[in-house]
Amino acid sequence: MLIHLSWLTLSSSSVRILSFPPQIRYSRYSAPIASITTRVFQMGHEKSQLVSQKSNSIANFRLCNVSGRKTELVEIHARNPKFHVLFIPGNPGVVSFYTDFLESLYEQMGETASITGIGYISHSEKDWEHGKLFGLNEQIDHKINFIQQELQALEVPLIVVGHSIGAYMSLEVNKRIPEKVAYFVALYPFLAVDTKSQQQAIIKKISRSQITSTIISGIVALFGLLPIWASRFIAKNSLGKSWSTTALDALCTSVLKYHTMRNVLYLVMTEFEELVNVPDWEFLREKRNRIAFLYGDDDHWAPLHMHDEIVKNVPNAIVEVEKEGHTHAFSCTITGSQWVARHVATLIKKTLI
Ligand SMILES: *[C@@H]1O[C@H](CO)[C@@H](O)[C@H](O)[C@H]1NC(C)=O
């Protein structure tokens, strides 16, 4: 989860509600927010219906029908790919948060990998699902359905990269269809509930209350009714100047919606129900040559004591800590997106090339 919802609580308390990482980005490469709202989404499997008007943007946005669910994709096609990277975001699962990251990854890989970033069901600009709420297991099934539908005929190794709860989803994908996944990178992974974390306790409580969730989603949606320049202005001034245009655009176009926020909180609730056990150490040990983890040094979703647990329980796994201050919400800044992209590219090159 990337977003610091603190500003949503209006002025009064500074409760950092959700530390979700909304990861989106608008970068120097890509189209500004306004064009996101105008980009054309199409259903179907035809390739690369595009999208952003600016010619120097390398990412395409596509709307795809995954077992009946409209799904937002960010795609970058390499001419002669040696790999395919599937990226699963954190919660909010708005994939455009990560556009800068994905474009940077493409460049860092020397254009040798095609890349697909997949959004969550109903964490989107439009309320395609008419208010329906989707929990963790449905979101995991959705990613597996996507792989089976769209990446079945892949001729190059599939690398799955997941952020936060997206790393947990990726791990489940890895368990359910291990033959499909050549390598897995977990970024700031949320793998188990931390009962000692006060922030998590607060977030859990909020997500479990229908009334609170409804109120928060209503307030968020009110911000979303403002003209985009106004909501961006407020977001920029409350979230920090370092946020990229990409991230602000993703936030304002897709997260500040009632249906998205309800789904974000509902998903959080189910995360707290599902992630009560320790990770499956045996599976991780078995896969240790095919898995890498990145932790941050101040991240309540992916705390350092979990890093230590992995080091202890999965000997020889690649487990690293980012200490440059890019934080859990790395994709919200250009420097964070670039740093993590370089890190992932280096891991892939070291292991698979
Ligand atoms: C989406 O796919 C489902 C089957 O997976 C199909 O029944 C449905 O008609 C499709 N919807 C559109 C709009 O193409």
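At roughly what angle do the axes of α6 and α9 cross? The tour ends at that crossing; it begins with the whole chain, which is a predicted model.

**Whole protein**

Show everything as a cartoon. The protein has 12 helices and eight strands. Of its 353 residues, 51% count as buried. Take the contacts between residues at least 6 apart in sequence: 73% of them join residues at least 24 apart.

**The sheet**

Select the eight strands. They form an open sheet with mixed pairing, in the order β1-β2-β4-β3-β5-β6-β7-β8. Residues 60-66 (β1) and 318-322 (β8) are the edges; each has a single partner strand, so one side of each lacks a neighbour in the sheet. On average, neighbouring strands are turned by 20° against each other, direction ignored.

**Strand β4**

Now select residues 113-118, which are β4. Six of its six residues are buried, so to speak of this strand is to speak of one that is mostly covered. Show the side chains: Ala113, Ile115 and Gly117 lie on one side, Ser114, Thr116 and Ile118 on the other, and both faces are covered. In a regular strand, side chains alternate between the two faces of the sheet.

Add β2, residues 69-76, which pairs with β4 in the antiparallel sense over four bridges. Two positions to label are Leu73, opposite Ile118 of β4, and Ile76, opposite Ile115 of β4. Then add β3, which runs parallel to β4 and is joined to it by five bridges. Here Leu86 has Thr116 of β4 as its bridge partner.

**Helices on the sheet**

Which strands does helix α3 touch? Select residues 136-150: α3 packs on the sheet against β1, β2, β3 (83-88) and β4. The direction of α3 makes about 100° with that of β1.

Move to residues 165-176, helix α4, which also packs on the sheet and touches β3, β5 (158-163) and β6 (181-187). Its direction makes about 145° with that of β5. The 12 residues of α4 reach 17 Å from first C-alpha to last, close to the 16 Å expected at 1.5 Å a residue. Of these 12 residues, 10 are buried, so α4 is largely enclosed by the rest of the structure. Among the buried ones are Tyr168, Met169, Leu171 and Glu172. Their cover includes β3, α3, β5, β6 and α9.

**Helix α6**

Select residues 210-225. At 1.5 Å a residue, the 16 residues of α6 should span 22 Å, and the end C-alpha atoms are 22 Å apart, which agrees. Buried or exposed: which is Val220? Val220 is buried, as are Ser213, Ile216, Ser217 and Gly224 of α6. These residues cover an arc of only 100° around the axis, which puts them on the same side of the helix. Ile211, Ile215, Gly218, Leu222 and Leu225, on the other side of α6, are exposed. Colour α5 (198-208), α7 (228-239), α8 (245-255) and α9 (258-274) to see what the buried residues of α6 pack against.

**The α6 and α9 crossing**

Keep α6 and α9 and hide the rest. Their axes come within 8 Å and cross at roughly 145°, and the crossing is right-handed. From α6, the contact is made by Ser213, Ile216, Ser217, Gly218, Val220 and Ala221. From α9, Tyr258, Met261, Arg262 and Leu265 take part.

Key. Residues are numbered from 1 along each chain as its sequence is written. This is a predicted model: local features need pLDDT of at least 70, side-chain atom pairs count only at pLDDT 80 or more; totals for chains, interfaces and linings use all residues. The expected span of a helix is 1.5 Å times one less than its number of residues. A residue is buried if 20 or more other C-beta atoms lie within 10 Å of its own, exposed if 12 or fewer, and partly exposed in between; C-beta atoms are placed from the backbone. The arc is that of the directions from the helix axis to the C-beta atoms. Two residues are in contact if their C-beta atoms, placed from the backbone, lie within 7 Å. Two strands pair if DSSP finds at least two bridges between them. Axes are lines fitted to C-alpha atoms, for helices over the stretch in contact, and angles run from 0 to 180 degrees between N-to-C directions. A crossing is left-handed if the near helix is turned anticlockwise from the far one by less than a right angle, and right-handed if clockwise.
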